[in-house]
Structures are given as C-alpha cells and as structure tokens.
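Hello,

I am passing on the structure you will be working with. Please have it open while you read; my notes follow below.

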Amino acid sequence: KDAMENTTNVNYPQIILKYYYDRHEQGEAIKIVDEFIQKAPQNKMAHYIKGVVLMDQTKDQEALASFNKALEIDPNFVEAIANVGVVNFNEVRELNQKATTNNRDPQYKAQQQELKDKLTTTRTYFAKVQELAPDRSDLWQSKLDNIDELISVVEKNLSEIAKRDKK
C-alpha cells in the first residue's frame, strides 16, 4: 500500500506484482494495480503489469487492452510490444487448434489464409522488438524463427491447394 503513495516511481508496480505473485494472489495484484492506475494513469509500467497479470490468468483480450494502453503512453515500450505479440501468437494457437487438417474440407483454404494473416500480423510485433532491442534476442529470436517456420508451412499448404484447384 505504501507504493500507492509514490506514483512517480515507475518501479512500484513491479514491486507490487512481485509481492502478490510470490503469494499467488493475482486478484489482489489487479486490485492494487487498478488503484495505482487511478492515481497515475500515465504510468506505463502499471498498465503493463496489469496486462501481465491478466495474461497469466488467460484473459488475453483484457491483457491486450492493458498492453495497448501502455503503448499509447510509450509506443516503443519493448516488453509491451513483445507481449502483444505473445497474445497474438496465443490466438494463432487457438485458430490452429480449431482448423481442420482435411485439405479437402471447404473451410481449409480460408482457415489456412486466416492463420497466415494472423501469423504475419504477429510477426510484425516481434520484428519491432528486434528493431528496438536487437541485443535482447531472448524477446524475439525464437518467436520470429517459429513464426517464420509456421508461415512457410501455411504457404506450402495454400500453394498445394492452389495447384489442386487449377486441375
């Protein structure tokens, strides 16, 4: 609660998160961070921390809103950009799980195209992280490699469908 009084220190939301995370009290962390945000709405770290807690609770869309708020305050906030990429990649996983594997299914082509589009969008976030923080490859390298590999697979699938449809 003392952290609430010093809203100018961007590190206080991190201290709050660690305290409540260590105690597995994400609900309390959200409550405290929301109070902090009310007192210091321009604190990018508070919005980011809220997004992290929400993402940990698998509330990706709410987390995305918090990360985007942090990015409104600081468009080059590397960690927030990376986590927007993670939320988007989670959506790719969901799309892939729902997609048919039967390439004769009428929905297959549209689903593959949707996957490609979402992967391409997701890639832009990690490419931005790479541009802003080339020395922090732990935030982007494996993600970009994975996304590029998946895009290649989806493009191959779409190419095979195109060839088949021409026959």
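Helix H3 runs over residues 44–56, and its 13 residues, taken at 1.5 Å each, should span 18 Å. The C-alpha atoms at its two ends are 18 Å apart, so the expected span and the modelled one agree. Please keep in mind that this is a predicted model.

Helix H3

Is H3 enclosed or open? H3 is largely enclosed by the rest of the structure, because 10 of its 13 residues are buried. A residue counts as buried when its relative accessible area is under 20%. The buried residues of H3 are Met45, Ala46, His47, Tyr48, Ile49, Gly51, Val52, Val53, Leu54 and Met55.

At the start of this helix, asparagine 43 places a side-chain oxygen within 3.0 Å of the backbone nitrogen of methionine 45. Methionine 45 is itself among the buried residues of H3.

After H3 comes threonine 58, which sits in the loop that leads from H3 to helix H4 (60–73). Its phi is near 55 degrees, a positive value in a residue that is not glycine. Threonine 58 has 68% relative accessibility and therefore counts as exposed, the cut-off for that being over 50%.

The largest pocket

The other thing to look at is the largest pocket, which holds about 240 Å³ of space. Its lining consists of 15 residues. Which of them lie nearest the centre of the pocket? They are Asn96, Gln112, Leu115, Leu150 and Val154.

Three helices each give at least two residues to this lining: H5 (78–98), H6 (108–132) and H7 (141–166). Sorted by class, nine of the lining residues are nonpolar, five are polar and one is charged.

Glutamine 112

One of the residues nearest the pocket centre is glutamine 112, which belongs to helix H6. Is glutamine 112 buried or exposed? Its relative accessibility is 5%, so glutamine 112 counts as buried.

The side chain of glutamine 112 makes a polar contact, at 2.9 Å, with the side chain of asparagine 157. If neighbours within four places in sequence are set aside, glutamine 112 is in contact with Val154, Asn157 and Leu158. Of these, Val154 also appears in the list of residues nearest the centre of the pocket.

Regards

Note on methods
Residues are numbered from 1 along each chain as its sequence is written. This is a predicted model: local features need pLDDT of at least 70, side-chain atom pairs count only at pLDDT 80 or more; totals for chains, interfaces and linings use all residues. Side-chain values use heavy atoms; hydrogens and water are left out. On a 1 Å grid over the protein atoms alone, a cavity is a set of points where a 1.4 Å probe fits but cannot get out, and a pocket is an open set with protein on both sides within 12 Å along at least five of seven lines; lining residues have an atom within 4 Å of a point. Grid points are joined across faces, edges and corners, and a volume is the space filled by probe spheres set on the points. Helices (H or I, at least four residues) and strands (E, at least two) are DSSP runs, numbered from the N terminus. Ala, Val, Leu, Ile, Met, Phe, Trp, Tyr, Cys and Pro count as nonpolar, Asp, Glu, Lys and Arg as charged, and the others, Gly among them, as polar. Buried means under 20% relative accessible area, exposed over 50%, partly exposed in between (1.4 Å probe, protein chains only). A polar contact is a pair of N or O atoms within 3.5 Å; within protein, one must be able to donate a hydrogen and the other to accept it, and residues adjacent in sequence count only if both atoms are side-chain atoms. Contact means heavy atoms within 4.5 Å. The expected span of a helix is 1.5 Å times one less than its number of residues.
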